[in-house]
Amino acid sequence: MKQNIWEKEYRNVDSLWGFKPNGILSQYVGMLPDNGEVLDIGIGEGRNALFFAAQGFVVEGIDISETAVERCLELSKEHNLNVDAKIQDITSFEIEPNKYSLIILSNVLNFFPDNEIKNIIDKVKNGLQKNGLVYINVFDDKEPGRKKAPERYEQLAEHTFYKESSNMFLHYFTRSELEGFFTDYKTISLSQSYSLDITHGQPHFHSTLEIMSQKS
Ligand SMILES: C[S@@+](CC[C@H](N)C(=O)[O-])C[C@H]1O[C@@H](n2cnc3c(N)ncnc32)[C@H](O)[C@@H]1O
């Protein structure tokens, strides 16, 4: 398992990401079948997973941070919800084929090198059942941090960097790149936004791409 910079981040605060689910996810909850199973990869403190558990879905999640998983499990207990959250690394985790109605990758894919991003997306596509949905939220190439990245980090590809201090990769997505992974899927929603983030730390801007695609 990689040296876990996320673990340090979670230990510094009571809540890193807040408790509101991503808007697009809550908007399309009606597209899931009643007995649908949901997998949240990089579940964090569970803001999306808890939302789906509250709607009655069977929810699993994985994360490399022990503190994030513990916090998610505590919250689900507190709210009398059932979320099966485990400490696992997505690069070695095997996703059961054709199982899930929804797989969530919310603010997770930016932190992998190009080859691992492709492997993760292949595993996710394989794990979805027919008509299953995949939701991905990522920082794009207009993200404020992208401009300064070449001065700060080792550049591995046009939009991919390696941050030695935290042994972490940073990949900024272009719209065509993200769309390109799902040309064989139906696009339910694709949006690009530039907005102020007031959920954690000092208010700051993010440039984000969000996609919800459906397996046919
Ligand atoms: C920016 S946070 C997003 C958390 C959550 N998805 C949300 O939207 O609130 C990224 C999460 O991915 C997790 N993560 C990073 N690398 C991972 C890996 N290799 N396997 C599983 N989880 C990972 C981190 O621990 C962290 O909780």
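Mentor: Start with the classes: Ala, Val, Leu, Ile, Met, Phe, Trp, Tyr, Cys and Pro count as nonpolar, Asp, Glu, Lys and Arg as charged, and the others, Gly among them, as polar. Keep in mind that this model is predicted.

Trainee: How many residues of each class does the shell around the ligand have?

Mentor: The shell has 8 nonpolar, 6 polar and 3 charged residues.

Trainee: Which of the 17 residues around the ligand come nearest?

Mentor: Y10, G42, R47, D63 and S106 do.

Trainee: Where are the polar contacts to the ligand?

Mentor: Look for pairs of N or O atoms within 3.5 Å. Take the side chains, then the backbone. A polar side-chain atom of Y10 is 2.5 Å from a ligand oxygen. In D63, a side-chain N or O atom also lies 2.5 Å from an oxygen atom of the ligand. For I64, a backbone N or O atom is 3.4 Å from a ligand nitrogen.

Trainee: What share of the ligand's area does the protein bury?

Mentor: Compare with the ligand taken alone, which exposes 590 Å². The protein buries 97% of that.

Trainee: Where does the ligand sit?

Mentor: In the largest cavity.

Trainee: What does the UniProt annotation cover?

Mentor: An unreviewed UniProt entry annotates residues 38-132 as "domain: Methyltransferase". In the model, that stretch is 37% helix and 28% strand. Its end C-alpha atoms are 10 Å apart.

Technical notes: Residues numbered from 1 in each chain as written. Predicted model: local features only at pLDDT ≥ 70, side-chain atom pairs only at ≥ 80, totals over all residues. Heavy atoms only, no water. Near = heavy atom within 4 Å. Polar contact = N/O pair within 3.5 Å; in protein donor to acceptor, adjacent residues only side chain to side chain. Areas by Shrake-Rupley, 256 points an atom, 1.4 Å probe, with all protein chains shown as cover. 1 Å grid on protein atoms, 1.4 Å probe; cavity = no way out; pocket = protein on both sides within 12 Å on 5 of 7 lines; lining within 4 Å. Sits in = over half its atoms within 2 Å of the grid points. UniProt positions renumbered as here; feature names shortened; annotations may be inferred. Helix = DSSP H or I, 4+ residues; strand = E, 2+ residues; numbered from the N terminus.
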